[in-house]
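The following note sets out points for a colleague who is examining this model at the bench. Each point is kept short and may be read beside the structure.

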Amino acid sequence: RRTFAVDSALRRAGERLLLHFGAVDWAMRAWVNGREVGAHTGGYDAFAFDVTDALRTDGGENELLVWVFDPTD
């Protein structure tokens with residue numbers, strides 16, 4: 001769980017903001033401000049979620065929550 005601010009320069013009209021992961025082993029889900037923005041299963045692959053619509057537009061703090069499950073011992 002992390003909080004972050006989005007600089008207004010990153011939110012130029014019509015542009016999208018992506019959350020990139022290099023890899024997550026094995027299953028994961030991500031939420032921004034309580035809204036699920038994506039899920040992924042499998043390791044070794046990079047992936048990204050478009051989080052633009054989940055961001056606060058009032059200039060307040062945003063919260064990122066990532067849940068990960070790895071069933072290997």
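**Strand pairing, loops and surface**

1. The antiparallel strands β3 and β4 are joined by six bridges. One of the residues to inspect here is Met 28, whose bridge partner in β4 is His 40. Please note that the model is a predicted one, and that the remarks below should be read accordingly.

2. The hairpin formed by β3 and β4 has two residues between its strands, and within this hairpin Asn 33 adopts a positive phi near 55 degrees. The loop that holds Asn 33 lies between β3 (27-32) and β4 (35-41). Asn 33 is not a glycine, yet its phi is positive, at about 55 degrees. Its relative accessibility is 23%, and Asn 33 therefore counts as partly exposed.

3. Strand β3 also pairs with β6, again through six bridges and in the antiparallel sense. Several positions can be checked along this pairing. Met 28 stands opposite Val 68 of β6, Ala 30 faces Val 66 of β6, and Trp 31 has Leu 65 of β6 as its bridge partner. Met 28 may thus be followed in two directions: to His 40 in β4 and to Val 68 in β6.

4. The pairing of β1 with β6 is antiparallel and comprises three bridges. In this pairing, Phe 4 stands opposite Asn 62 of β6.

5. How are the strands ordered in the sheet? Four strands make up an open sheet in the order β1-β6-β3-β4, with antiparallel pairing. Strands β1 and β4 are at the edges and have a single partner strand each, so one side of each lacks a neighbour in the sheet. From one strand to the next, the twist averages 20 degrees. As general background, the strands of a sheet pair through backbone hydrogen bonds, in either a parallel or an antiparallel manner.

6. Tyr 44 merits a separate entry. This residue is located in the loop between β4 and β5. Although Tyr 44 is not a glycine, its phi is positive, at about 75 degrees. Is Tyr 44 buried or exposed? With a relative accessible area of 79%, Tyr 44 is exposed, since the cut-off for that class is over 50%.

7. The surface carries a nonpolar patch formed by Trp 26, Trp 67 and Phe 69, which together have about 320 Å² of accessible area. Of these residues, Phe 69 belongs to strand β6 (residues 62-69). Phe 69 counts as partly exposed because its relative accessibility is 40%, and the class lies between the limits of 20% and 50%.

8. A final point concerns confidence. The protein chain has a mean pLDDT of 90, and 90% of its residues reach 70 or more. Among the elements of the chain, the lowest mean pLDDT, 95, belongs to strand β1 (residues 2-4). The highest, 98, belongs to strand β5 (residues 47-50).

Notes: Residues numbered from 1 in each chain as written. Predicted model: local features only at pLDDT ≥ 70, side-chain atom pairs only at ≥ 80, totals over all residues. Heavy atoms only, no water. Patch = residues over 30% accessible without salt bridge, like charges linked within 9 Å, V, L, I, M, F, W, Y side chains within 5 Å. Areas by Shrake-Rupley, 256 points an atom, 1.4 Å probe, with all protein chains shown as cover. Salt bridge = Lys/Arg side-chain N within 4 Å of Asp/Glu carboxyl O. Buried < 20%, exposed > 50% of the residue type's maximum accessible area, 1.4 Å probe, protein only. pLDDT = per-residue confidence, 0-100. Pairing = 2+ DSSP bridges. Axes fitted to C-alpha atoms, helices over the stretch in contact; angles between N-to-C directions.
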